[in-house]
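Visitor: I'd like to learn how to read a few features of a protein model. Could you walk me through them?

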Amino acid sequence: MPGPTKTTANTNPAAEASLPGQGTHRYLVPLSFIMLLALLIRMVAAFYSKGFAFSDDHFDVILVAQGWLDGLPVWLNEPMPPRHSMLYVLIHYGIFYVLEAMGIFSPEVKMTVVRVLHGLYSLLVVYFGYKITERLSNKMNARLVGLMLAIIWFMPFMSVRNLVEMVCIPPYLAAFYLMVKQDQAERKKIMPYFWAGALFALAFTIRYHTVLFGAGAGLVLLYRRQWREAVALLLGFAVVAFLVQGIIDIIFFDYPFHSVVAYFLYNSENADNFSTGPVYRFALTVLGFLVPPVSVFLVLGYARTARLAPKLFWAGLLFFVAHSLFPNKQERFILPLFPLIMILGVIGWQQFVQTSSFWRRRRKLLAWSWGFFWALNILATVGMAFTYTKKSRVAPLVYLSEKPDLDGVVLEFGNHSVKAPPLFYLGRMSAEYDKYIEDIHLVWQEYLQGQKQLPPDFVMAYTLNEDKTPQELQQEVNASAYKPDYVVVVGTDDLDERMARLHSLFPNLKLEHTITPSLYDQLLHLLNPRVHKDEHVQIYEILP
């Protein structure tokens with residue numbers, strides 16, 4: 001067993017030997033093995049976990065980047081800047097540009113490349129989580145944290161998605177690592193705090209809320225009257241934030257940080273118009289995501305680390321409290337906090353167990369708790385790595401992307417609301433008819449006015465549900481030069497009635513292909529059929 005590292009925590013070889021993940025598991029694997037394990041499960045997810053998890057990770061990243069590549073001014077003609085990271089979308093624009101320059105136009109291949117790159121990038125979360133834990137406590141705790149960040153059920157799956165809540169984590173963890181390392185250095189330097197501020201700024205340009213992490217660390221420096229360090233942190237943040245977000249807003253919008261101002265004004269005015277919940281909602285999210293009873297252990301452990309790691313502790317607490325008090329509470333908003341909870345939670349809990357007579361007498365209960373935690377997480381991690389999310393929305397368009405003479409498609413949703421189709425997966429420039437005609441954001445203005453011509457392989461998508469009559473759909477088709485060749489029927493509710501309505505428009509329909517929901521989607525439907533509908537998909541060819 002390696003000896004203890006230089007640290008502020010109370011550790012010794014005997015203590016390390018007594019930390020088996022509480023009783024039965026000895027985390028003796030090296031960092032290289034943990035990284036390899038994290039890489040393996042993320043690459044499985046990159047190749048097999050297709051689709052997208054939320055609307056934002058597709059429609060506010062992939063769709064926009066591809067639109068720019070196609071010459072569409074998505075976001076750029078709106079009266080206000082977008083409420084999402086321009087930097088992150090620009091990175092995807094660059095990825096797609098390189099792929100298309102190499103002759104790669106397949107949407108599935110593009111997204112596989114994107115997921116692989118995200119999976120590789122997310123290894124930094126495991127690395128810095130391990131290194132921070134090692135410096136604050138010991139190698140045993142670092143191995144436990146590393147394994148948690150590598151394979152806890154939602155980390156690999158979320159890490160290959162286009163979620164800014166996950167992409168912002170590596171730079172802010174790197175910032176904390178620099179500060180922790182400098183706090184333990186014999187010779188104090190100022191520049192590490194400047195670079196920490198720069199890294200906080202990079203995280204901020206991807207996800208604005210991460211400014212709370214930097215603010216929490218900065219407040220600790222001010223409380224301790226470390227004026228030079230606080231100024232260096234602020235200066236590093238200001239320089240990089242201006243060079244990235246400030247210059248982007250100068251180029252595309254009205255003034256530096258216009259996007260940031262617009263974001264917070266919009267969310268303040270619309271705080272109650274999205275998913276809301278009680279003030280304790282995120283507390284329940286943390287307890288549920290980290291699997292009880294271990295999640296309770298980690299929260300209790302986190303609460304014990306205010307003196308050991310004040311910058312990380314108060315930064316995480318500030319982030320949690322601010323999100324808990326704000327009305328808009330979508331579970332993914334709290335994702336950036338989980339690495340800090342795991343790092344500080346493991347350190348604080350392990351220290352508590354070493355001195356707790358209660359748990360020393362109940363080693364079997366502790367071992368059972370951790371055994372349940374790992375068994376459930378490993379099963380869920382593997383299952384999620386093979387999960388095809390939003391398959392009913394993605395797979396039909398992937399199938400139709402192989403049709404060379406496709407001009408139009410009708411997406412039929414029955415008596416349910418229309419879900420925005422991820423038309424990127426058609427692999428060519430396309431538009432939803434309603435949005436194309438209304439052109440709310442002036443994306444298609446030049447085409448509507450005849451200043452530009454649509455490409456020969458352009459596809460028009462029409463939608464039909466209870467809010468639109470067959471006669472209205474017929475009027476849209478008659479007014480367009482792009483006639484539908486296929487009908488995509490989503491779901492099986494009231495199928496006879498819906499098919500009769502479709503036959504009134506298209507008398508000759510031939511069933512060509514059927515798509516079944518993924519196991520994940522079927523499980524969601526089984527657990528909550530009112531919210532998650534059975535979305536078997538049938539694709540019909542429209543015959544003359």
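Guide: Happy to. One cut-off to start with: a residue counts as buried under 20% relative accessible area, as exposed over 50%, and as partly exposed in between. Keep in mind, too, that this is a predicted model.

Visitor: Let's try that cut-off, then. Is E331 buried, exposed or partly exposed?

Guide: Its relative accessible area is 32%, so E331 is partly exposed. Its side chain meets that of R281 in a salt bridge, 3.0 Å from N to O. That pair joins distant parts of the chain, with E331 in the loop between α17 and α18 and R281 in helix α15 (residues 281-289), 50 residues apart.

Visitor: And what is the relative accessible area of R281?

Guide: R281 comes out at 18%, so R281 is buried. Here a partly exposed residue is paired with a buried one.

Visitor: How many salt bridges does the structure hold?

Guide: The count is 16. Take R332 and E165, whose closest N and O atoms are 2.6 Å apart. R332 sits in the loop between α17 (310-325) and α18 (338-355), while E165 belongs to helix α9 (residues 164-167), so this salt bridge ties together parts that are 167 residues apart in sequence. Both R332 and E165 are buried.

Visitor: Which residues are linked with R332 and E165 in a network of salt bridges?

Guide: D56 and R207; together with E165 and R332 they make up the network. For another salt bridge, look at E446 and K452, with 3.2 Å between the closest N and O atoms. E446 has 33% relative accessibility and counts as partly exposed. K452, at 34%, is also partly exposed.

Visitor: On to helices. What describes the way two of them pack?

Guide: You give the angle between their axes and the distance between those axes. In this model, try helix α2 (residues 31-48) and helix α20 (residues 363-385): their axes come within 8 Å and cross at roughly 35°.

Visitor: Which residues make the contact?

Guide: From α2 you have I41, V44, A45 and Y48, and from α20 there are T381, V382 and A385. Sorted by class, that contact has 6 nonpolar residues, 1 polar residue and no charged ones.

Visitor: Last topic: cavities. What shows where empty space is left?

Guide: You roll a probe the size of a water molecule over the atoms. Here the count comes to 5 cavities of 30 Å³ or more. The largest has a volume of about 90 Å³, and the second largest about 50 Å³.

Visitor: What lines the largest cavity?

Guide: Its lining includes S392, R393, P396 and L397, along with F413, K419, V488 and V490. Helix α21 (391-400) and strand β4 (486-490) each supply at least two lining residues, and the largest share, 4 residues, comes from α21. By class, the lining has 9 nonpolar, 1 polar and 2 charged residues.

Visitor: And how many residues of each class line the second largest cavity?

Guide: That lining has 5 nonpolar, 3 polar and 3 charged residues. Among them are D57, H58, M111, R115, R161 and Y425. Helices α3 (56-59) and α6 (107-136) each supply at least two residues of this lining.

Technical notes: Residues are numbered from 1 along each chain as its sequence is written. This is a predicted model: local features need pLDDT of at least 70, side-chain atom pairs count only at pLDDT 80 or more; totals for chains, interfaces and linings use all residues. Side-chain values use heavy atoms; hydrogens and water are left out. A salt bridge is a side-chain nitrogen of Lys or Arg within 4 Å of a carboxyl oxygen of Asp or Glu. Buried means under 20% relative accessible area, exposed over 50%, partly exposed in between (1.4 Å probe, protein chains only). Axes are lines fitted to C-alpha atoms, for helices over the stretch in contact, and angles run from 0 to 180 degrees between N-to-C directions. Contact means heavy atoms within 4.5 Å. Ala, Val, Leu, Ile, Met, Phe, Trp, Tyr, Cys and Pro count as nonpolar, Asp, Glu, Lys and Arg as charged, and the others, Gly among them, as polar. On a 1 Å grid over the protein atoms alone, a cavity is a set of points where a 1.4 Å probe fits but cannot get out, and a pocket is an open set with protein on both sides within 12 Å along at least five of seven lines; lining residues have an atom within 4 Å of a point. Grid points are joined across faces, edges and corners, and a volume is the space filled by probe spheres set on the points.
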